[in-house]
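Reader: Hey, I've just opened this one and I'm new to it. Could you walk me through it?

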Amino acid sequence: MRVIEAFREMFGADPQGVWHAPGRVNLIGEHTDYNDGFVLPFAVQWGVTAAVTPRADGIVRLSSLQADGPPLTLSELEAAEGWARYPVGVFWAMREAGHAVGGADLLIDGDVPQGAGLSSSAALEVVVATALNDLHGLGLGKMELALLAQRAENDFVGVPCGIMDQAASALSEEGKALFLDCRSLGSRTIPLDLAAHGLQLLIIDTGVHHDLADGQYARRRADCESAARHLGVDALRDVTDLAGALKRLSGDERKRTQHVVTESHRVEALIGLLRAGAVAEIGALLNASHLSLRDQYEVSCAELDVAVEAAVRGGARGARLTGGGFGGSAIALVAEERAPAVRKSVEAAYAERGWKAPRFLPAAPSAGARRLA
Ligand code: GLA
């Protein structure tokens, strides 16, 4: 493994262990996690690998095969910058939670396509949490590790994300999607054998990331919280009479509520179809999810809309944006023999507008975080 050789070269000895945590795509259930709703992501075949050896002197030496990070001591974690804040945030979160975590030498090697919205940051957090848990015998469960990783991102890095990405990275299983109730944090895996149905889930990486993404994410959360307050419920998850709720709301709060509540129904409907073996039928739900994200939640952008429309025109059974929106990736459910036509259709639509061609990556539902060596 190249990360072991590089670790030996950098730190002069073999690492005590090597761990891997994957990125994710979300099949459906978008912007529902922080509304206590349902999500259905799965881990992808790309992720972050970490070679780690604990240190007794409280120093954290962090490096990556993709970028550099300076050595830090546990008393100066706050000084970490850039990408290093994600792994360092996990040391911080673990210590805040009272776990006896010392220093470490870490070498990181990642292959999650950058900027594609496939949660490379969650993978980075979860791989470090998993390694520290094993090395220090903390006995934490996978969901506890996901929560610590989320805490690192929320309170140390300062990104107000929900639990979906970290949970998908920690708990996914190969060949399965992960159904997660973001209130109870109960989860179940659901078989997702696309190839058996002659299908592919194609990731279409638009290659764009609009700068407003972060501020808009926080604004959507705030819209949802104020809508829930108006309706007198703890979270939009608790809306049982959507028609009644919509009558009491207006403007953005009304639109956001409509999306969140109908999106949770779509998650359940999609699971029903998977259970029934009607995998090819889920496309219609993907399309409906995209329209709702575009029109009600307003987190799409031209590049995503064009990718989704052109994919469907080219013969995809359904397509939608995946992840937070404002760029990143769309997913398209495609019959294998249609995949070349779908790609061509999207490429042509991008070329017509003078946009750089998107990247196409077939997703394989993969295993969650684990020790490799
Ligand atoms: C980002 C966040 C997740 C989730 C999605 C939208 O990926 O990190 O927690 O809110 O957006 O579904």
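Author: Sure, let's start with helix 2, which is mostly covered, with 10 of its 12 residues buried. Buried means under 20% relative accessible area, exposed is over 50%, and partly exposed is in between (1.4 Å probe, protein chains only). Helices (H or I, at least four residues) and strands (E, at least two) are DSSP runs, numbered from the N terminus.

Reader: Before we go on, what kind of model is this, and how are residues numbered?

Author: This is a predicted model, where local features need pLDDT of at least 70 and side-chain atom pairs count only at pLDDT 80 or more, while totals for chains, interfaces and linings use all residues. Residues are numbered from 1 along each chain as its sequence is written, and side-chain values use heavy atoms, with hydrogens and water left out.

Reader: OK, back to helix 2. Which of its residues are buried?

Author: They are Arg85, Tyr86, Pro87, Val88, Gly89, Val90, Phe91, Trp92, Ala93 and Met94.

Reader: And what covers them?

Author: The cover includes strand 3, strand 4, strand 5, helix 3 (120–135) and helix 4 (142–157).

Reader: How far does helix 2 reach?

Author: Helix 2 covers residues 85–96 and spans 15 Å from its first C-alpha to its last, close to the 16 Å expected. That expected span is 1.5 Å times one less than the number of residues. After the helix comes Gly98, with a positive phi near 90 degrees.

Reader: You mentioned strand 3. How does it pair with strand 4 and strand 5, parallel or antiparallel?

Author: One of each. Strand 3 (residues 59–64) runs antiparallel to strand 4 (residues 72–73), joined by 2 bridges. With strand 5 (residues 103–110), strand 3 pairs in the parallel sense over 5 bridges. Two strands count as paired if DSSP finds at least two bridges between them.

Reader: Which residues stand opposite each other there?

Author: Val60 is opposite Leu72 in strand 4, and Ser63 is opposite Leu107 in strand 5. As background, side chains in a regular strand alternate between the two faces of the sheet.

Reader: Switching topic: what domains does the chain have?

Author: The assignment gives domain 1 (2–191 + 367–371) and domain 2 (195–363). Those bounds come from an automatic or database domain assignment. The C-alpha centres of the two domains lie 26 Å apart. Their contact takes 35 residues from domain 1 and 43 residues from domain 2, where contact means heavy atoms within 4.5 Å.

Reader: How much area do they bury between them?

Author: About 3,100 Å², with 63% of it on carbon and sulfur atoms. Buried area here is the accessible area (1.4 Å probe) that two parts lose on being put together, summed over both.

Reader: Which three residues supply the most on the domain 1 side?

Author: Ile28, Glu30 and His31, which supply 21% of the area that domain 1 buries against domain 2, more than any other three residues.

Reader: What about helix 8, how long is that one?

Author: Helix 8 (residues 251–275) has 25 residues and reaches 37 Å, close to the 36 Å expected. Just after it, Gly277 has a positive phi of about 75 degrees.

Reader: I clicked on Leu270 in that helix. Is it buried or exposed, and why?

Author: Leu270 counts as buried because its relative accessibility is 0%. Leaving aside neighbours within four places in sequence, Leu270 is in contact with Leu27, Ile28, Leu40, Ile282, Leu285 and Leu286. So Ile28 turns up again here.

Reader: And Thr206, what does that touch?

Author: Thr206 is in strand 8 (residues 199–209) and is buried, with a relative accessible area of 5%. Not counting residues up to four places away in sequence, Thr206 touches Glu303, Leu304, Gly327, Gly328, Ser329, Tyr350 and Pro358.

Reader: How many disulfides are there?

Author: The count comes to 0 disulfides, taking a disulfide as a pair of cysteine sulfur atoms within 2.5 Å.

Reader: Why is Cys161 not bonded to Cys182?

Author: Because the sulfur of Cys161 is 11 Å from that of Cys182, its closest cysteine sulfur, which is too far for a bond. Cys161 is buried, with a relative accessible area of 8%, and Cys182 is buried with a value of 8%.

Reader: Last one: where is Ala373, and what is it in contact with?

Author: Ala373 is in the segment after strand 12 (370–371). Ala373 counts as partly exposed because its relative accessibility is 43%. Apart from neighbours within four places in sequence, Ala373 is in contact with Met1, Ile4, Gly17 and Val18. The C-alpha atoms of Ala373 and Gln16 are separated by 8.4 Å, though the two residues are 357 residues apart along the chain.
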